Amino acid sequence: MGLGLAALGHVALVWVLVTAPAPEPLPPVDRVSVTLSDEMGPVSTAPNPQSDPMADKGPELGEPAPVEEAVPAPPVPKPQPQPAPVPAPQKAPAPKPAAAPPQKAPAPKPQAKPQPAKAAPTKAVQAKATPAKAGASSFDQAFAKGIPGGSITGRDQTPAASQASAQQVASWSSSINSKVRGPWNSCPVSGLDVGKLRASVRFTLDKTGRVQSIEDFDVTGVTEANRPQVKPFKDCAVRAIRLAAPFAGLPPEFHDQWKNRRLNFRKE
C-alpha cells in the first residue's frame, strides 16, 4: 500500500514538471557607456563658472554733497608768570632781663613755590571729510553682499570660477574625442600587423576651437610587416583632427586649460 502511494506521488510530480509552462526569458541588460579621461581639473571650483556677479557698491547719484569745513580750535592761552611773594618783615624780639639767657630767633617758615598755570586741553582738529555723491551712502547697504567688479544688473552673489571643475574637463575631452573618432575610423589603414601601430598626437586650439598647430609625432609598434602603413597611419591621424575642427561648445573663459590637447591613435 505504501509503495503504491509513493509511486503515485512520483508520477504526479513528473507530470507537473512536464506540463508546467516554461519560464519567461530575462530582459536583456542595458549596456552603459563609460568614458575615461586622463586629464582632470587641478582645482574643484564653484558650481556656476559663468555667473553674473552682483555689484558691491551702490550707484553714485546726484550732485556732490556740501563739504563741511573744519572749525579751527581756539588758540591756547599762554600761562602768565606769577610774581614771587614778598616775605613779611619779622619783628625784633623784645628785650629780656639780663639774667635770662638769650633766646634764639625763630627760623623763618619755608615759602611755598609758585605752581605754573595748567594749560587748557587742546581740541582735536577735525579731519576734512571726503566729498561724497548725494544718495550713494544709502544704496551701499543694499549692495553689501555684492562682488567687487560686478555689474548693477547682476544678481549672483557667488564669484565666478577661476578654474574649470573635473566634470567640465571630462566633458570637453569626451566631446573632442568623439568628433575626431568619426574621421579617424573612416580613414582606411589596413594590412598585416597594422593593429600594433600607435601614435600620440599633440595639437593646439584657438579660442574658437580651430586648430592652430599640430606637432610632429612618431609612430610606435613598427614592424617589417606594417612599415608600409606608417605613412598612411600618420596622414589619417592629422586628417581626422583637421576634419573634426572647429570644436564647438568649449568655454572661452577656460581657453588656457583646453587649448593644448593630446590624442592617442590606433587601429583596431
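Biologist: Which backbone oxygen lies 2.8 Å from a polar atom of the side chain of Lys267?

Modeller: Happy to start there, with the reminder that this is a predicted model. Lys267 lies in the segment after β4 (260–265). Its side chain reaches the backbone oxygen of Trp184 at 2.6 Å. The backbone oxygen at 2.8 Å is that of Cys187.

Biologist: Thanks! What is the nearest side chain of opposite charge to Lys267, and how far away is it?

Modeller: Lys267 is buried and has no salt bridge. A salt bridge needs a nitrogen of Lys or Arg within 4 Å of a carboxyl oxygen of Asp or Glu, so the distance is what to check. The nearest side chain of opposite charge is Glu268, at 9.9 Å.

Biologist: Then which residue does Glu268 meet in a salt bridge?

Modeller: Glu268 is exposed, with a relative accessible area of 83%. Its partner counts as partly exposed, at 43% relative accessibility. The N to O distance is 3.1 Å, and the residue is Arg266.

Biologist: Good to know. Leaving aside neighbours within four places in sequence, which residues is Lys267 in contact with?

Modeller: Two of them, Trp184 and Cys187, have already come up through their backbone oxygens. The full list is Trp184, Asn185, Cys187, Val189, Val194, Gly195, Leu197 and Phe233.

Biologist: Let's turn to the strand before that segment. Which residue stands opposite Phe265 in β4?

Modeller: Phe265 belongs to the covered face of β4, along with Arg261 and Leu263. The uncovered face holds Asn260, Arg262 and Asn264. Strand β1 (residues 198–205) runs antiparallel to β4, and 6 bridges join the two. Opposite Phe265 stands Ala199.

Biologist: And with which residue does Asp193 form a salt bridge?

Modeller: Asp193 is partly exposed, with a relative accessible area of 27%. Its partner is partly exposed too, at 45% relative accessibility. The closest N and O atoms are 3.9 Å apart, which falls within the 4 Å cut-off. That partner is Lys196.

Biologist: How far apart are the closest N and O atoms of Lys259 and Asp256?

Modeller: Lys259 counts as partly exposed at 27% relative accessibility, while Asp256 counts as exposed at 62%. The two form a salt bridge, with the closest N and O atoms apart by 3.7 Å.

Biologist: One last question about the whole chain: in what order do the elements run from the N terminus?

Modeller: The secondary structure comes to 5 helices and 4 strands. Buried residues make up 20% of the 268 residues. From the N terminus on, the order is α-α-α-β-β-β-α-α-β.

Note on methods:
Residues numbered from 1 in each chain as written. Predicted model: local features only at pLDDT ≥ 70, side-chain atom pairs only at ≥ 80, totals over all residues. Heavy atoms only, no water. Buried < 20%, exposed > 50% of the residue type's maximum accessible area, 1.4 Å probe, protein only. Lys, Arg positive; Asp, Glu negative; His and termini not counted. Polar contact = N/O pair within 3.5 Å; in protein donor to acceptor, adjacent residues only side chain to side chain. Contact = heavy atoms within 4.5 Å. Pairing = 2+ DSSP bridges.
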